[in-house]
Amino acid sequence: MSTSSSRPTGVTLVAFLYLALAVITLVIAARYVLFPNGDQAMILLFTRLKLPVTLINLLAAPPLIVAGVATLLFRGLWQQRLWGWAATLFFSFLGMLASLTALAFFMAFYLNTTATLGAATGAFILFTLIFLYFLKTSPTIPSPRPASPAASQAGPELVQAQAAAPQAAPPAPPVRPESFSPPEVRYETIHSAPTVALPAAAEAARPIPLQPTFRLIAASGPDKGKQFDVYKEDILIGRHPTLADVRLSDPTVSARHARIRRQNGEFLLIDLGSANGSYLNGKRVQETALRDQDLLRLGATTLIFSPHGSEAKTTDA
């Protein structure tokens, strides 16, 4: 084990970076285990995919794996092990590829907000700097141990014999790098699951109610004048081309902006962490009950809510 004085400053900083990564991923894993119902967007997606909501706890597995790998990397770098240096090169290269994949993922699924793009770009730059630094930095190999003190106490005969003997180059100490086999981690995103839209034949066979459960009318925004008759009791409002039940063309509306569901005889409006927020009658809300003729403002679009049995008044908001 090398002392801290022989450890390069860059290696020390990267070791503490992996230690911080281990702590952060442990916190993320604890969140999915202790508070699985805290992410409304994830609950909605699991519901639409007809998966048990209890499976959200399984999302803690990838952060736990990352925490274990980050802890091993911290130990290897802190102790100046050869396998720690090689593993850091390997995982920093994987981090570069993962960051580029995340950028493409966010762009493909309309999740390209300032926060997501900034995080993915920052991660790519950080992993690139770590990869280049360790690519140019050779690992420190411990020096051989000094000779035993007993050799200094030998008689003059032994000293003369050693002087007369031909001087041979001392053999280099063998370097035995510890073997390290990184665990094979396969990440699968929830977007790789089958589409939530029913086949055309199934939609045709499903009986359609005579009257809609409720109605939304666009009173302002790019979709002004459109009427959305809703026959479900749990819908997603947003800009996503496949997941949204009520799809708006307003660019200020998030891909998965808000959710309306029927619960205990009343309709609830739930904001899904949208960028511009959800407003009910001019007041920003997170989760609230809806009443007849309420005005919902999502981005630059105002919707008039009208439950079954009432008629909405299409007035400009």
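This report walks through some helices, charged pairs and unusual backbone spots in a predicted model.

## Helices that run side by side

Let's begin with helix α1, which spans residues 9–34, and helix α3, which covers residues 61–78. Their axes come within 8 Å and cross at roughly 160 degrees. Because angles over 145 degrees count as roughly antiparallel, α1 is roughly antiparallel to α3. The crossing of these two helices, α1 and α3, is left-handed.

A second pair is worth finding in the picture: helix α4 (residues 82–108) and helix α5 (residues 114–136). Here the axes come within 8 Å and the crossing angle is roughly 155 degrees. That makes α4 roughly antiparallel to α5, and the crossing of α4 and α5 is left-handed.

## A nonpolar patch on the surface

Now look at the surface. Phe16, Leu19, Val23 and Val27 make up a nonpolar patch there, and together they have about 350 Å² of accessible area.

Take Val27 as an example from this patch. Val27 belongs to helix α1. Is Val27 buried or exposed? With a relative accessible area of 53%, Val27 is exposed, because anything over 50% counts that way.

## Charged partners

Side chains of opposite charge can pair when their charged atoms come close. How many salt bridges does the structure hold? There are 6 salt bridges, and we can visit some of them.

One joins Asp229 and Arg215, whose closest N and O atoms are 2.6 Å apart. Asp229 sits in strand β2 (residues 227–230) and Arg215 in strand β1 (residues 214–220), so this pair ties together parts that are 14 residues apart in sequence. The two partners have their own surroundings: Asp229 is partly exposed at 34% relative accessibility, whereas Arg215 is buried, with a relative accessible area of 17%.

Another salt bridge connects Glu233 with Arg262, and the closest N and O atoms of this pair are 3.7 Å apart. Glu233 is in the loop between β2 and β3 (234–238), while Arg262 is in strand β5 (residues 258–263); the pair links distant parts of the chain, 29 residues apart. Glu233 is partly exposed at 45% relative accessible area, and Arg262 also counts as partly exposed, at 40%.

Further along, Glu266 forms a salt bridge with Arg291, with the closest N and O atoms 4.0 Å apart. Since Glu266 lies in strand β6 (residues 266–271) and Arg291 in the loop between β9 (287–289) and β10 (295–298), the pair ties together parts that are 25 residues apart in sequence. Glu266 is partly exposed at 33% relative accessibility, and Arg291 is partly exposed at 47%.

## Two unusual backbone angles

Most residues other than glycine have a negative phi. With that in mind, try locating two residues that go the other way.

Gln80 is not a glycine, yet its phi is positive, at about 60 degrees. You will find Gln80 in the loop between α3 and α4. Gln80 is buried, with a relative accessible area of 13%; it qualifies because buried means under 20%.

Asn264 is another residue other than glycine with a positive phi, near 55 degrees. Asn264 sits in the loop between β5 and β6. Is Asn264 buried or exposed? At 76% relative accessibility, Asn264 counts as exposed, whereas Gln80 is buried.

Conventions:
Residues numbered from 1 in each chain as written. Predicted model: local features only at pLDDT ≥ 70, side-chain atom pairs only at ≥ 80, totals over all residues. Heavy atoms only, no water. Patch = residues over 30% accessible without salt bridge, like charges linked within 9 Å, V, L, I, M, F, W, Y side chains within 5 Å. Areas by Shrake-Rupley, 256 points an atom, 1.4 Å probe, with all protein chains shown as cover. Salt bridge = Lys/Arg side-chain N within 4 Å of Asp/Glu carboxyl O. Helix = DSSP H or I, 4+ residues; strand = E, 2+ residues; numbered from the N terminus. Buried < 20%, exposed > 50% of the residue type's maximum accessible area, 1.4 Å probe, protein only. Axes fitted to C-alpha atoms, helices over the stretch in contact; angles between N-to-C directions. Parallel < 35°, antiparallel > 145°, perpendicular 65-115°, else oblique. Left-handed = near helix turned anticlockwise from the far one by under 90°.
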